[in-house]
Structures are given as C-alpha cells and as structure tokens.
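Me: Could you take me through one part of this structure at close range? I would like to see how a single element sits in the whole.

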Amino acid sequence: MMIPYEDLARLNEPFNEAFEIKFKEVVKKGWLILGQEVKDFEAEFAAFHLEEYCVGVANGLDALILSLKALAFPPGSEVIVPSNTYIATILAILHAGHTPVLVEPNISTYNIDPAKIEEAITIKTKAIMVVHLYGKCCDMDPIIAIQKKYSLALIEDCAQAHDAKYKGKLAGTFGDAGCFSFYPTKNLGALGDAGAVICANPDIAAYLKKTRNYGSEVKYHNDIVGYNSRLDEVQAAFLRIKLGHLGAITAHKRKLASLYHQYLKDDFIKPVVGSEYFDVYHIYNIRHKKRDELKAYLLKNEIVTEIHYPVAPHHQKALQGILDPASRFPVSQEIHDTTLSIPCSFCHTEDEILHVIEVLNKF
Ligand SMILES: *Cc1c(COP(=O)(O)O)cnc(C)c1O
C-alpha cells in the first residue's frame, strides 16, 4: 500500500461534516465577501496569538507583500532574507520594490544564521525578513538584538510555523508583522488559497484592511492605490473550524516526528531538537549524501517523499539578473542537495510512520 507524502482528502476527512454544515450556513446567509466569518476568524486568530490585530488576505505571498508595503520603506531598500527560503519570501521583497539580500542559514536549524546577519547590513537595509522554515522558529534573541541595534523592521514569514514557539512565544508575535499562509497543505490549511497578517501596530492593521480592499474603507471611496487581496468568506468559515483543531494537528505531527527521532538510525541527519523550541514539523526533513538514491529507494517501496527545495533561489530562472547565480551559498547548497522531506502529515497514522522508519533503516 502506497504511503503518500500528503493526502488532503484524508487530512480533511475529520472536519468534513463541520465544513458541510458551515458551508450551507454561509451560502444561505448570502454574504460572501468580507462578512462575519472573516471578522470572527480574524478575532480568533489574533486571540490565539494574544496579538492585537489580524487582517485576512488572499494568500501568504500577499501577506508578505502587503506587510512590506505597509512599512513604506523608500524604493530600493534592502531586506535581509535567508538564502534557502521558499521563493515566495524573495518574490514578496521584489514585488514591494525592494532588494533581497540573501543570508546563509545555519546547517543544523536550517534557519537564518544570526551570526551572518550583521555583515549583510548596509546603509540601505531597512528590514530583516525571517522565515521559520519547516515549522521551527528562528533563533530570535540574537536576531532581535541586531534588529534593535540597527533600528530595522522585522517581518516574519510564518507560512510553515502555525503554533510554533520560541521560548514559549508564538511565531508571528516577535516582529512588526507575522505573515501566514493557509494554503491547503500548511499546518493550518484552508480548502483553497488564504492568508493573514497579525500585528500589534494599529497603523499597519489599518493599512492592510484598506489595501486588501481596493484602498477603500467606505464603499466606492478609494483613499490609496489598493489591491484586491481579500480573505474569502467561505475559506474563513472553514479556517475557523480548523483553528479549533490546530492544537490536535500540532500534537499529531509532533508525535510522528518523535517516532522518527526515536527510531530512525543516525545514518540520516535528523532535525535538531532544542529545549527552547516548540517545533510543529510542517516538514519533517532528513539529510543524506545519497539523497536522490534514497528518494528512489523509498518510492520503489511505495513511500512518496518531496524535496524542499530542489533548486536554490539564486539558481532560479526567474531570478536571473536579480540574484547572482555565481554567488556562493555553500550552506544553502548543501541543504538543497541533501534534504529529503518524509511523510509527517496529520493524515498519517503512527503505524504508517513506523513502516516508513523500518524501510528507511534498511537503506
Ligand atoms: C507557502 C509559503 C509561502 C506562500 O504562501 P501562499 O499562500 O502559497 O502564497 C510563503 N513562504 C513560505 C515559507 C511558504 O512555505
């Protein structure tokens, strides 16, 4: 029997009945854009983070772009970002009219290396954009120390880090804006595209509310050159249901990860576990020198895996002429060459993971 990397039908199966009831309720009401469900989700997601504001937007990329625009840096400002992030973080900086400055990750945590941030700061640097990759928070204390020292803004890409904590504090609550994606495969996933920003600053929240809706607060009165990036009412309704189960989703993924930690042999480089980190394993990755061979071996044994990510941002065709492909990011390259994401979804059973471990340990 094939073990999928992810199965969204299976993942959402426990919520289907609640989804159907809610769907009928919303359709019957007939208020389909920026209604009570969006308002309620925003209030609940803010409360979950003990944060002042939450503004729902269309997707995670928009959450990043609009947060950057809210901070209104001069055009061409530099924004520091990890060199091994998903391309969305870098695209957001470009779409906001700024220059991404890539900083290498730490080889153990896969997150931006705080020791390498300072040397990347110039007179043009305006912000650090951290990415809590794979569901592990960045090492925030030294990052915040640098942010304060240079009076920079701090934006968090939390697309993979719903419910992740560093020293007991939730991802998204450290900086000026915490940007979330609710893409279906994320730990808190909608049934389509969706995103949100959480923040403590009323001006940022007000800008986001306006700009997501054509720059308008009062219908047909447009104050700024806005966008259409609204969180969908039906998706907000579904997200409210799933937010109520996020704790259970996190616990299940952490349980599966603990099986890998415990039983997977040490030939594979496993994610580090630190007492100050509460990791949510959006992705459970291992590293191995013969990664491609390992992936093929697993597939032959009916276990599907993924690579996050096969191509480093500075080697992407889209970024040619923007990022220098000749620039050297050896740590990032090492991760891209050796990482393999193995099944660790809310849809998987413990028995399935034990089977994956058994097969892996025979490699
Ligand atoms: C998924 C993801 C995004 C983008 O989210 P979308 O909702 O697909 O736009 C941004 N950053 C990271 C790290 C992601 O994993």
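Reply: Happy to! A word on terms before we start: a residue is called exposed when its relative accessible area is over 50%, and buried when that value is under 20%. Please keep in mind that this is a predicted model.

Let's look at helix 2, which runs over residues 16-29. At 1.5 Å a residue, its 14 residues should span 20 Å, and the end C-alpha atoms are indeed 20 Å apart, so expectation and model agree. Now look along the helix axis: the buried residues fall within an arc of 75°, and therefore line one face of the helix. Those buried residues are Phe 19, Lys 22 and Val 26. Their packing partners are helix 1 (8-12), helix 3 (36-48) and helix 8 (233-243). On the face turned away from this buried side you will find Glu 17, Glu 20, Ile 21, Lys 24 and Lys 28, which are exposed. Just past the end of helix 2 comes Gly 30, with a positive phi of about 80°.

Now for the setting. The chain holds 12 helices and 14 strands, and 55% of its 363 residues count as buried. Among contacts with a separation of 6 or more, 69% join residues 24 or more positions apart. A compact globule of 363 residues would have a radius of gyration near 21 Å, and the chain agrees with that at 20 Å. Along the principal axes, the C-alpha atoms fill a box of roughly 65 × 55 × 40 Å.

Conventions. Residues numbered from 1 in each chain as written. Predicted model: local features only at pLDDT ≥ 70, side-chain atom pairs only at ≥ 80, totals over all residues. Heavy atoms only, no water. Helix = DSSP H or I, 4+ residues; strand = E, 2+ residues; numbered from the N terminus. Expected span 1.5 Å × (residues − 1). Buried < 20%, exposed > 50% of the residue type's maximum accessible area, 1.4 Å probe, protein only. Arc of directions from axis to C-beta. Contact = heavy atoms within 4.5 Å. Rg over C-alpha atoms; globule rule 2.2 N^0.38 Å.
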